[in-house]
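Reader: I am new to this structure and would like to go through it step by step. Please show it before we start.

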Amino acid sequence: MNLIKFVLRTCRGTMIATALCALLSGACNAGLIAVVNTTLNNPAASTALLVLAFTGLGLGKIATGFLSQLMLTRFSQATIANLRQDLVRRILKVPLRQIEQIGASKLMVALTDDIFNITQALLGMPVLAMNLAILGLLSF
């Protein structure tokens, strides 16, 4: 819960834009599936319209996929930097005696492995949003 609060506090707009772009990418993917399904089930349908729809949705999928990955990379790198800076500030506020009791190994784990695991969770957000969009559109 603290991670979500931290992310929303530091980069709310970027997170929302990335999620919306991933949702749009998922919608294009679902549209592509629908166009292929329509073509297979109804061979008498307008071929030119289906080709145009397929081309548009395919280009839309490529563009929104690229944009969401670009935004995700920038978002995750900024979030990692902010998390590490926040963690270092908090460590520096702790008295030296308490830092010695905690130990250098635990502090290094917090600065490296814990931040990495949080980053992996953040990287999964757009993929989750894209899959939710696909599931939502295919259920209609």
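Author: A term comes before the questions: buried means under 20% relative accessible area, exposed means over 50%, and partly exposed lies in between, with a 1.4 Å probe and protein chains only. This is a predicted model, in which local features need pLDDT of at least 70 and side-chain atom pairs count only at pLDDT 80 or more, while totals for chains, interfaces and linings use all residues. Residues are numbered from 1 along each chain as its sequence is written, and side-chain values use heavy atoms, with hydrogens and water left out.

Reader: Is G26 buried or exposed?

Author: G26 is found in helix α1. Its relative accessible area is under the 20% limit, so G26 counts as buried, at 0%.

Reader: How far apart are the C-alpha atoms of G26 and L135?

Author: Along the chain, G26 and L135 are 109 residues apart. In space, their C-alpha atoms are separated by 8.7 Å.

Reader: What is the mean pLDDT of the protein chain?

Author: pLDDT is the predictor's confidence in each residue, from 0 to 100. In helix α4 (residues 104-138) confidence is lowest, at a mean of 75, and in helix α2 (residues 47-93) it is highest, at 86. In the protein chain, 89% of residues reach 70 or more, and the mean is 81.

Reader: How many helices and strands does the protein chain have?

Author: Helices (H or I, at least four residues) and strands (E, at least two) are DSSP runs, numbered from the N terminus. From that end on, the elements run α-α-α-α. The protein chain thus comes to zero strands and four helices.

Reader: Among contacts between residues at least 6 apart in sequence, what percentage join residues at least 24 apart?

Author: Contact means heavy atoms within 4.5 Å. For the protein chain, the value is 82%.

Reader: Which residue has its C-alpha atom 6.9 Å from that of G58?

Author: G58 lies in helix α2. G58 is buried because its relative accessible area is 18%. The residue at 6.9 Å is 26 residues away along the chain, and it is L32.

Reader: How many disulfides does the structure hold?

Author: A disulfide is a covalent bond between the sulfur atoms of two cysteines; here the criterion is a pair of cysteine sulfur atoms within 2.5 Å. The structure holds zero disulfides. C21 is in none, as the nearest cysteine sulfur, that of C28, is 9.3 Å away. The number of disulfides is zero.

Reader: Are C21 and C28 buried or exposed?

Author: C21 has 8% relative accessibility and therefore counts as buried. C28 has 11%, so C28 also counts as buried.

Reader: Which residue forms a salt bridge with D86?

Author: A salt bridge is a side-chain nitrogen of Lys or Arg within 4 Å of a carboxyl oxygen of Asp or Glu. The structure holds one. Its two residues lie in helix α2, four residues apart, about one turn of the helix. The closest N and O atoms are 3.3 Å apart, and the partner of D86 is R90.

Reader: Which residues make the nonpolar surface patch of about 260 Å²?

Author: Patches are made of residues with over 30% relative accessible area and no salt bridge: like charges are joined within 9 Å, nonpolar side chains (Val, Leu, Ile, Met, Phe, Trp, Tyr) within 5 Å. Accessible areas come from the Shrake-Rupley method with a 1.4 Å probe; for residues, only the protein chains shown count as cover. I16, in helix α1 (residues 2-41), counts as partly exposed because its relative accessibility is 45%. The patch is made by I16, L20 and L23.
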